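Here is a short report on one protein chain. How is its fold put together, and what packs inside?

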Amino acid sequence: TALLDDLLGPLAHAAVADGVASGRGGRGVVYAWAAGNGLTGADDVNYDGTANSRHVIAVAAVNHNGVQTWYSEPGAAILVCAPGGDLAADGGILATDLTGTNGSDPGDYAFMEGTSFATPIVSGVAALMLAANPDLSYRDVMHILVFTAVQNDPADAGWTFNGAGVPSSHKYGHGLVN
């Protein structure tokens, strides 16, 4: 059965599956995906057919205090979290925008927030791992992210520990990317 928010069609899902099976000489392409910004609408990443794919790293967003942002969707599919900006709590993340002169004007910027701002942070960490060791598989990258994540917001009642003794949360995945 199709999930409610499956943004990719069957050919795109097949391409992602092929990427992790045969990309990078059989080591697999590393895909990161924003968990979603629908918390206020009671949305859940588990209903996103792309974010809950076993082939992607679903990323949630936290504010500057390491606490779930007002928009970051929870769900079992979240692997890790990263700073995503929170306009109300921390002023957001500074980003150039494409209005006016396409970001080249010194005053052409905006403060933003979203899981789509947290996801590139995790992508950058994965890129650093692969730069240090290009032989890592996409699963190796996922394991390293899980085992090096820092348990943020430890007072949150939603934390449990999996069979490997690793903290796990539907808000934060295995914790803050490190």
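The report below covers the chain as a whole, then its sheet, one helix and the nonpolar cores.

**Overall make-up**

The model is predicted. The chain holds four helices and seven strands. Read from the N terminus, its elements follow the order α-β-β-β-α-β-β-α-α-β-β. The chain has 178 residues, and 42% of them count as buried. Take the contacts between residues at least 6 apart in sequence: 60% of them join residues at least 24 apart. The exposed area is about 9000 Å². Carbon and sulfur atoms supply 60% of that area.

**The three-stranded sheet**

Three strands form an open sheet in the order 1-2-3, and their pairing is parallel. Strand 1 and strand 3 are the edges, each pairing on one side only. From one strand to the next, the twist averages 40°. Strand 2 and strand 3 run parallel and are joined by five bridges. One residue pair can be named here: Val-62 has Pro-83 in strand 3 as its bridge partner.

The elements that recur in this report span these residues:

| Element | Residues |
|---|---|
| Helix 1 | 10-22 |
| Strand 1 | 31-34 |
| Strand 2 | 56-62 |
| Strand 3 | 78-83 |
| Helix 3 | 115-132 |
| Helix 4 | 138-148 |

**Helix 4**

Which residues of helix 4 are buried? They are Tyr-138, Val-141, Met-142, Leu-145 and Val-146. Seen down the axis of helix 4, these residues fall within an arc of 135°, so they line one face of the helix. An α-helix has 3.6 residues a turn, so residues three or four places apart point the same way. The cover over the buried residues of helix 4 includes helix 1, strand 2, strand 3 and helix 3.

**Nonpolar cores**

The largest nonpolar core has 23 residues. Those with the most contacts inside it are Ile-57, Leu-79, Val-80, Val-122, Val-141 and Leu-145. Strand 2, strand 3, helix 3 and helix 4 each supply at least two residues of this core. Helix 3 gives the largest share, six residues. Another core, of ten residues, lies apart from it. Among its members are Ala-60, Val-62, Ile-78 and Trp-159.

Val-80 shows the packing at one position. Leaving aside neighbours within four places in sequence, Val-80 is in contact with residues including Ile-57, Ala-58, Val-59 and Ala-60. Val-122 and Leu-145 are also among the contacts of Val-80. So are Ala-149, Tyr-172, Gly-173, His-174 and Gly-175.

Methods. Residues are numbered from 1 along each chain as its sequence is written. This is a predicted model: local features need pLDDT of at least 70, side-chain atom pairs count only at pLDDT 80 or more; totals for chains, interfaces and linings use all residues. Side-chain values use heavy atoms; hydrogens and water are left out. Two strands pair if DSSP finds at least two bridges between them. Axes are lines fitted to C-alpha atoms, for helices over the stretch in contact, and angles run from 0 to 180 degrees between N-to-C directions. Buried means under 20% relative accessible area, exposed over 50%, partly exposed in between (1.4 Å probe, protein chains only). The arc is that of the directions from the helix axis to the C-beta atoms. Contact means heavy atoms within 4.5 Å. A nonpolar core is a set of buried Ala, Val, Leu, Ile, Met, Phe, Trp, Tyr and Cys residues joined through side-chain atoms within 4.5 Å. Accessible areas come from the Shrake-Rupley method with a 1.4 Å probe; for residues, only the protein chains shown count as cover.
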